[in-house]
Number of protein chains: 2
Amino acid sequence: MYEILMDLPLFQGVSRDKLSELIEKTPFHFLKYSDKEEIVSLDDNCTHIKFVISGKVLMELPCRKLRVKVSQVLAGPNVIGHDYLFGRKTVYPYSVSSYGECGILQISKPDFINILQSDNIFLYNILNMLSRNSQNNIDELLSLSAGTIFERLAFFVVSLTQHRASDIKIIYKQKDLCSLLGIQRSSFINAMDRLKEMGVIDYSLSEINVIDRQMMLDIVHASE
Amino acid sequence: MYEILMDLPLFQGVSRDKLSELIEKTPFHFLKYSDKEEIVSLDDNCTHIKFVISGKVLMELPCRKLRVKVSQVLAGPNVIGHDYLFGRKTVYPYSVSSYGECGILQISKPDFINILQSDNIFLYNILNMLSRNSQNNIDELLSLSAGTIFERLAFFVVSLTQHRASDIKIIYKQKDLCSLLGIQRSSFINAMDRLKEMGVIDYSLSEINVIDRQMMLDIVHASE
């Protein structure tokens, strides 16, 4: 259990003693889910930070205005919703359900604040996590529109999925995805074919399967 | 002085007593600049959080790959670089210089961490500030490409400028700005003319002056 927690970004660099002290003092709630149960509903209020401790979850992020949806599978250890506890919007923009049996650890917002206060390491970790998201902002904004189709799709996928995500899928209507990426249909098909040849994605008329997120990330970094 | 500090987002909700206690304990550095002095250079390491306490500063953000630059004037009280102290990139993506005489308060990263630890209010404030930036991320990504030209330009301006910014300018080569916004030159001119008629912007062949940031923000919110 300690090993799992210490592998979470929030707890990185924390000593085992410190962590065991924390677990004693803080109300950690452990929840068990069987397959396909709802963990977070779209637009739920984010009142707890949640960690995937065992098993896997499916996260689905819909575009509000277009028929495009991004889904990804997150295996434990992983975090859900650390960037929706605070800020202007404290509702989840995605839904999360169990993908097979899974275990979730959740900590309420006030308890989470207490943890951050208890040691600089936690504070550094969360400030790093939030700042990283915040900084991507400008880079993406400046690169998404200006990029090639490869770069646009890569930015889109990398930005909307997590570091350790697997089974990344984009479920789409071609018209809407083209409009989202700001590209023509004919260029879209050409780019998809090229990416398929390169082994980065597989695709059908309504679904793109990202085979290699790391290659997407390489495309993004090469363009920076 | 207290009134100015208490008007900064980081210090909002903090009592006068708490603030005076903080000022006694923490090494606050006050710096004076005369007109047109450099305060932050592009790509400088961000080692301090800086506050504009008196006067104004000019912030200039260049696109790395395109001949487009966004400039804005920030009057005190305002903050510089709170989202570049932590995260993947701790270098400033912009330059800052004095715009007339101005006064800057700066606090080093370790001292800033101590402030955050000293009271929950500071912690809540910074988590809110960072989360707000982080959340814009997804919304923009999903809306920028899918939006009308008005919406794209409005997102661009709103995202890259601060809440209380004035004298917002986009200095551009038309080809590059069109490519950044993913639009055709002809549509660009039409949209600029419409926005000028509406009193939102004024523009020339190389510069857009944003007259009303709030109207830009209204366009963004209307599209959500």
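The following exchange between a trainee and a mentor concerns a predicted model.

Trainee: What radius of gyration does chain A have, set against the value for a compact globule with 224 residues?
Mentor: The secondary structure of chain A comes to eight helices and nine strands, and its C-alpha atoms fill a box of roughly 60 × 35 × 30 Å along the principal axes. A compact globule with 224 residues would have a radius of gyration near 17 Å, and the value for chain A agrees with this, at 19 Å.

Trainee: Of the contacts in chain A with a separation of 6 or more, what percentage comes from residues 24 or more positions apart?
Mentor: As background, 41% of the 224 residues of chain A count as buried. Among the contacts with a separation of 6 or more, the share that residues 24 or more positions apart account for is 75%.

Trainee: Is helix 5 of chain A oblique or roughly perpendicular to helix 8 of chain A?
Mentor: Helix 5 (residues 149–160) and helix 8 (residues 213–222) of chain A pack with their axes 8 Å apart and at an angle of about 120°. Angles from 65 to 115 degrees would count as roughly perpendicular and those over 145 as roughly antiparallel, so the arrangement of helix 5 and helix 8 of chain A is oblique.

Trainee: Which hand does the crossing of helix 5 and helix 8 of chain A have, and how do the residues of the contact divide?
Mentor: The crossing of these two helices of chain A is left-handed. On the side of helix 5 the residues that meet helix 8 include A:Phe150, A:Ala154 and A:Val158, while helix 8 contributes, among others, A:Met216, A:Leu217 and A:Val220. The residues of this contact divide into two charged, no polar and nine nonpolar.

Trainee: Where helix 5 of chain A meets helix 7 of chain A, how many residues of the contact are nonpolar?
Mentor: The axes of helix 5 and helix 7 (residues 185–197) of chain A come within 10 Å and cross at roughly 75°, which makes the two helices roughly perpendicular. A:Ile149, A:Phe150 and A:Leu153 of helix 5 meet A:Ser187, A:Ala191 and A:Leu195 of helix 7. With one polar residue and no charged residue in this contact, the number that are nonpolar is five.

Trainee: Is B:Cys46 buried or exposed?
Mentor: B:Cys46 sits in the loop between strand 2 (38–40) and strand 3 (48–62) of chain B, and, leaving aside neighbours within four places in sequence, its contacts include B:Gly81, B:Tyr84 and B:Tyr92. Because 21 C-beta neighbours lie inside 10 Å of B:Cys46, the residue counts as buried.

Trainee: Which residue is joined to A:Pro77 by a cis peptide bond?
Mentor: Most peptide bonds are trans. A:Pro77, however, lies in the loop between strand 4 (68–75) and strand 5 (78–80) of chain A, and omega of its cis bond is about -5°. In chain B a cis bond with omega of about -5° joins B:Gly76 and B:Pro77, whereas in chain A the residue joined to A:Pro77 is A:Gly76.

Trainee: What is the phi of A:Asp43, and is the residue buried or exposed?
Mentor: Most residues other than glycine have a negative phi. A:Asp43, in the loop between strand 2 (38–40) and strand 3 (48–62) of chain A, has a positive phi of about 75°. With 11 C-beta neighbours inside 10 Å, A:Asp43 counts as exposed.

Definitions and conventions: Residues numbered from 1 in each chain as written. Chains lettered and ligands numbered in written order. Predicted model: local features only at pLDDT ≥ 70, side-chain atom pairs only at ≥ 80, totals over all residues. Axes fitted to C-alpha atoms, helices over the stretch in contact; angles between N-to-C directions. Helix = DSSP H or I, 4+ residues; strand = E, 2+ residues; numbered from the N terminus. Parallel < 35°, antiparallel > 145°, perpendicular 65-115°, else oblique. Left-handed = near helix turned anticlockwise from the far one by under 90°. Contact = placed C-beta atoms within 7 Å. Nonpolar A, V, L, I, M, F, W, Y, C, P; charged D, E, K, R; others polar. Buried ≥ 20, exposed ≤ 12 C-beta atoms within 10 Å, placed from the backbone. Rg over C-alpha atoms; globule rule 2.2 N^0.38 Å.
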